[in-house]
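Trainee: Before we settle on any descriptive terms, could we go through this model together and ask what each term rests on?
Mentor: Gladly; let us take the terms in turn and set each one against its criterion.

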There are 2 protein chains.
Amino acid sequence: MPQVVRARGVFAFSSGNHAQAVALAARMHGIAAAILMPSDAPAVKIANTRAYGAEVILYDRTREDRDALGARLVDERRMTLIRPYDDPQVIAGQGTAGLEIAEQAAEAGITAAPVLTCCGGGGLSAGIALALADRAPGLKVQTTEPAGFDDMARSLAAGERLGNAAATGSICDAILTPRPGEITFPILQRLAGPGLVVTDAEALRAVALAFAHLRIVLEPGGAVALAAALFRPGLGDVVICTASGGNVDATVFAVALSDVA
Amino acid sequence: MPQVVRARGVFAFSSGNHAQAVALAARMHGIAAAILMPSDAPAVKIANTRAYGAEVILYDRTREDRDALGARLVDERRMTLIRPYDDPQVIAGQGTAGLEIAEQAAEAGITAAPVLTCCGGGGLSAGIALALADRAPGLKVQTTEPAGFDDMARSLAAGERLGNAAATGSICDAILTPRPGEITFPILQRLAGPGLVVTDAEALRAVALAFAHLRIVLEPGGAVALAAALFRPGLGDVVICTASGGNVDATVFAVALSDVA
């Protein structure tokens with residue numbers, strides 16, 4: 001994110017890993033960061049973002065227009081807006097995960113497999129798809145979303161950007177976005193396979209299995225791709241998936257664990 | 001463990017990671033594995049070890065003599081015994097963690113620091129100490145143990161191998177060993193600094209903090225070094241510690257998390 005260096009401050013809206021990445025980058029460059037987060041974001045995300053030294057501004061996801069609010073704040077404060085997914089440099093940065101997937105797949109001798117991604121606005125998915133198209137064309141991205149918030153899957157099927165009926169209502173808060181990105185959608189339309197959808201219960205079960213077998217902490221929204229890999233038959237013998245995001249409140253994690261207790 | 005290849009089968013006693021490593025190695029070599037585990041081992045460890053295809057034989061840690069029982073089973077079954085720590089090849093294998101520490105410390109420009117290890121019989125600690133003595137002599141191992149089971153710390157202070165008063169009674173089950181190893185103790189006497197001790201509550205707090213900030217799953221016995229790094233002042237500005245072992249039951253993990261909920 002080279003523009004960070006030139007900015008008086010940076011501003012982002014996101015409830016999750018993007019917010020913390022922006023806050024951390026701003027701190028490393030010694031500039032101010034303000035993050036617009038939905039008021040229903042997990043407490044741990046708000047606390048972690050503040051711990052990186054950023055100002056957190058909360059808004060009501062159901063009643064306030066994030067984009068309008070963000071535009072006004074950027075204007076008033078003269079900060080540089082860093083969008084969570086519809087930004088070529090963010091997509092390029094997230095695409096480094098695709099470079100790693102290509103490298104590790106080559107080491108493992110895997111030349112063809114679906115690559116399931118946890119998908120919100122499509123930044124990570126588009127970045128990975130671009131990297132794989134260049135480095136490992138036999139690996140094909142398939143986005144994974146929570147049921148009821150499968151705007152990308154439906155948009156890919158319809159050939160146009162469609163929105164979701166609701167703004168909230170899934171435990172996978174990290175990847176609840178209103179519609180596919182303007183920049184990310186055409187990339188995924190060109191490079192991705194059909195989108196997958198999992199239930200909240202399947203995402204929680206994947207959180208529990210990642211705890212029990214991988215010994216990593218995943219948030220539900222970061223576990224949907226693993227859930228699809230585990231619970232959707234017919235994907236083939238080799239399935240690659242991203243496990244992306246561990247910003248989970250202890251109470252939610254305990255609910256997931258009660259499954260394996 | 002080259003002897004595994006020649007064995008008709010392998011046999012180990014351990015409640016934790018060692019048991020699973022032996023079971024996995026045996027499966028990779030297509031030979032039988034039997035593991036002698038204390039009957040109070042966490043259910044997840046017993047289940048995971050069986051999942052690797054090993055036979056699990058339970059014994060009573062307070063009433064039965066593990067060594068005698070093990071010797072009889074080895075004799076009856078003509079298997080090769082793989083000790084959890086008092087084996088030069090096990091120590092060498094665990095010492096590869098020390099090679100990684102030396103490499104990563106060099107990359108980070110760290111030439112002098114204490115290296116806190118989670119210590120049971122001392123295999124991991126001795127292996128790391130040997131590797132560091134060769135590759136990074138400014139990095140010095142200090143063993144960390146649970147209160148009441150600090151046989152290594154007391155033995156290092158006394159200059160002779162001392163045992164613990166009790167066999168059970170700490171949540172750090174992975175590293176409750178009766179006394180320092182015959183092979184490991186002289187290595188640590190020569191190369192390690194004073195041993196550290198933490199309480200079960202501190203270990204649980206470290207489990208919770210690793211969940212909240214590192215997003216990894218640690219068992220209490222695998223978190224004692226992190227606990228010492230966090231809660232023992234005076235170790236210096238740079239402290240390296242091992243986070244070793246994630247075989248924790250969901251119920252114990254939930255107890256640790258109730259701290260940060």
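**Terms and what they rest on**

Mentor: Let us begin inside chain A of this predicted model, where A:Glu202, A:Ala203, A:Arg205, A:Ala206, A:Leu209 and A:Ala210 in α10(A) meet A:Val224, A:Leu226, A:Ala227, A:Leu230 and A:Phe231 in α11(A).

Trainee: What makes α10(A) roughly perpendicular to α11(A)?

Mentor: The axes of α10(A) and of α11(A), the helix of residues 224-231, lie 8 Å apart and enclose an angle of about 95 degrees. The range from 65 to 115 degrees counts as roughly perpendicular, and therefore that is the term for α10(A) against α11(A). By class, the residues of this contact are nine nonpolar, no polar and two charged.

Trainee: Why is α12(A) called roughly antiparallel to α11(B)?

Mentor: Here α12(A) packs against the helix of residues 250-257 in chain B at an angle of about 170 degrees, with 10 Å between the axes. Angles over 145 degrees count as roughly antiparallel, so the pair α12(A) and α11(B) receives that description. On the α12(A) side the contact is made by A:Ala250, A:Phe253, A:Ala254 and A:Leu257, and on the α11(B) side by B:Ala250, B:Phe253, B:Ala254 and B:Leu257. The residues of that contact divide into eight nonpolar, no polar and no charged.

Trainee: How many residues take part where chain A is in contact with chain B?

Mentor: There are 14 residues of chain A in contact with 14 residues of chain B, where contact requires C-beta atoms, placed from the backbone, within 7 Å. On the chain A side, the elements that give two or more residues are α10 (200-214) and α12 (250-257), and α12(A) gives the most, with five residues. That side of chain A has 11 nonpolar, two polar and one charged residues.

Trainee: How do you know that the copies meet through the same surface?

Mentor: Of the interface residues of chain A, 100% are also interface residues in chain B, so the copies do meet through the same surface.

Trainee: And what makes the relation of chain A to chain B that of a two-fold axis?

Mentor: Chain A is superposed on chain B by a rotation of 180 degrees with 0.0 Å of shift along its axis, at an RMSD of 0.0 Å; that is the relation of a two-fold axis. In chain A, the C-alpha nearest the axis belongs to A:Ile216, at 2.3 Å from it.

Trainee: Turning to the sheet of chain A, why are β7 and β8 said to stand at the edges?

Mentor: The open sheet of chain A has four strands in the order β7-β6-β5-β8, with parallel pairing. Both β7 (196-198) and β8 (240-241) of chain A have a single partner strand, so one side of each is left without a neighbour in the sheet.

Trainee: How do you know that β5 and β6 of chain A pair?

Mentor: Pairing asks for at least two bridges, and the strands β5 (residues 113-118) and β6 (residues 139-146) of chain A are joined in the parallel sense over six bridges. Among the residues involved, A:Cys118 has A:Thr144 as its bridge partner in β6(A).

Trainee: What joins β5 to β8(B) in chain B?

Mentor: Two bridges join strand β5 (residues 113-118) of chain B to β8(B), and the strands run parallel; the criterion of at least two bridges is therefore met. In β8(B), B:Cys241 stands opposite B:Leu116.

Trainee: Which strands of chain B does helix α6 lie across?

Mentor: Helix α6 (residues 123-135) of chain B lies across β5 and β6 (139-146), and runs at about 170 degrees to β6(B).

Trainee: Where, finally, are the domains of chain A placed by the domain assignment?

Mentor: The assignment gives domain 1 as 3-84 and domain 2 as 90-257 of chain A, and their centres, taken over C-alpha atoms, are separated by 23 Å. In chain A, 14 residues of domain 1 are in contact with 11 residues of domain 2. Helix α3 (residues 43-51) of chain A supplies the largest share of the domain 1 side, four residues, and by class that side has five nonpolar, five polar and four charged residues.

Technical notes: Residues numbered from 1 in each chain as written. Chains lettered and ligands numbered in written order. Predicted model: local features only at pLDDT ≥ 70, side-chain atom pairs only at ≥ 80, totals over all residues. Contact = placed C-beta atoms within 7 Å. Nonpolar A, V, L, I, M, F, W, Y, C, P; charged D, E, K, R; others polar. Axes fitted to C-alpha atoms, helices over the stretch in contact; angles between N-to-C directions. Parallel < 35°, antiparallel > 145°, perpendicular 65-115°, else oblique. Domains from an automatic or database assignment. Least-squares fit on C-alpha atoms with pLDDT ≥ 70 in both.
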